[in-house]
Amino acid sequence: MKFELYLIVVVGILVSGILYLVYLNPNEITYYNSFQSPEFDTFAGDYHLEPIGDNEKHWATISKVTLIDDQTIKVDFNANNYRIGNATFTAYEIPNEFEYTNFVKKGQTFISVCAGESTVAFLKYIGIVQDSESYYYLFFHGNAILPQGLTCKYPQIIQHGFAVDFNLNENTIPYKRFLFNGTIYNDASMVATVVHPCKVLECKS
């Protein structure tokens, strides 16, 4: 009887320790395992035109995008001086410095940043487009809410985004809105898809 009681106590301690490592340790990607199927806002979203070039400034945590081949880009993430607010008020800013890099395929959705402790912003890579003057990386942007009890930690939240097949569907929004240099445009004809970008741009593969 004493041995059985001792065994139950030991097993209980081990299970508690495992749960702590999985759910409470901010250094573990498994912290976000309960965030698998977010409820995206089906009535909101916009397309981001991110300029192509080594010295370009990008949105949110994205610091650099590199064209690898017709289907793939490499994205470098860091704190990137990202904040939400104005000259006198800060609603949110990334609390710590970090660096992270991953490859993104056309059609793949990943987490780009948190807009506060509970709202997460996603980007879906659409491909390369052009207007009359320049070429751009085109992403679709949507938001979702983290489950209760989870908070945004970097780079773990971004790492998690590459471990899950998120279903962000840009076809749910009633009309297309394009964010370009901080301005929203509603004219879908302003951009044209580049089917084989490596024929006109330098690819790093």
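This text walks through the strands, salt bridges and pockets of a predicted model.

Start with strand β9, which spans residues 135–145. Eight of its 11 residues are buried, so β9 is largely enclosed by the rest of the structure. Two strands pair with β9. One is β8 (residues 119–130), which runs antiparallel to β9 over 11 bridges. Within that pairing, Val-120 faces Ala-144 of β9. Four residues separate β8 from β9, and the two strands make a hairpin. The other partner is β1 (residues 46–51). β1 and β9 are also antiparallel, here over six bridges. Leu-49 sits across from Leu-138 of β9. In a regular strand, side chains point alternately to one face of the sheet and to the other.

Now turn to a second group of strands. Three of them build an open sheet, ordered β2-β3-β6, with antiparallel pairing. β2 and β6 (99–105) are the edges, each pairing on one side only. Direction ignored, neighbouring strands of this sheet are turned by 20° against each other on average. β2 covers residues 62–69, and β3 covers residues 72–78. Six bridges hold this antiparallel pair together. Asp-69 has Thr-72 of β3 as its bridge partner.

Next come the charged contacts. How many salt bridges does a search of the whole structure find? The search gives two. One joins Glu-170 to Lys-124, with the closest N and O atoms 3.1 Å apart. Glu-170 lies in the loop between α2 (156–161) and β10 (178–180), while Lys-124 belongs to strand β8, so the pair ties together parts that are 46 residues apart in sequence. Are these two residues buried or exposed? Glu-170 has a relative accessible area of 15%, which is under the 20% limit, so Glu-170 counts as buried. Lys-124 is buried as well, also at 15%.

The other salt bridge links Glu-202 and Lys-204. Its closest N and O atoms are 3.2 Å apart. Glu-202 is exposed, because its relative accessible area of 61% is over the 50% limit. Lys-204 has 48% and is partly exposed.

The pockets bring several of these elements back. The largest pocket has a volume of about 260 Å³. Fourteen residues line the largest pocket, and those closest to its centre are Glu-50, Lys-57, His-58, Trp-59 and Gly-182. Which strand supplies the largest share of this lining? It is β1, with four residues. β1 is thus met twice here: it lines the largest pocket and pairs with β9. By type, the lining holds six nonpolar, five polar and three charged residues.

The second largest pocket has a volume of about 180 Å³. Strand β2, an edge of the three-stranded sheet, gives the most to its lining, with four residues. Among the lining residues are Lys-64, Val-65, Thr-66 and Leu-67. Ile-52, Gly-53 and Asp-54 also take part, as does Tyr-137. Leu-201, Glu-202 and Lys-204 line this pocket too. Glu-202 and Lys-204 are the partners of the salt bridge described above. The lining of the second largest pocket divides into five nonpolar, two polar and four charged residues.

Technical notes. Residues are numbered from 1 along each chain as its sequence is written. This is a predicted model: local features need pLDDT of at least 70, side-chain atom pairs count only at pLDDT 80 or more; totals for chains, interfaces and linings use all residues. Side-chain values use heavy atoms; hydrogens and water are left out. On a 1 Å grid over the protein atoms alone, a cavity is a set of points where a 1.4 Å probe fits but cannot get out, and a pocket is an open set with protein on both sides within 12 Å along at least five of seven lines; lining residues have an atom within 4 Å of a point. Grid points are joined across faces, edges and corners, and a volume is the space filled by probe spheres set on the points. Ala, Val, Leu, Ile, Met, Phe, Trp, Tyr, Cys and Pro count as nonpolar, Asp, Glu, Lys and Arg as charged, and the others, Gly among them, as polar. Two strands pair if DSSP finds at least two bridges between them. Axes are lines fitted to C-alpha atoms, for helices over the stretch in contact, and angles run from 0 to 180 degrees between N-to-C directions. A salt bridge is a side-chain nitrogen of Lys or Arg within 4 Å of a carboxyl oxygen of Asp or Glu. Buried means under 20% relative accessible area, exposed over 50%, partly exposed in between (1.4 Å probe, protein chains only).
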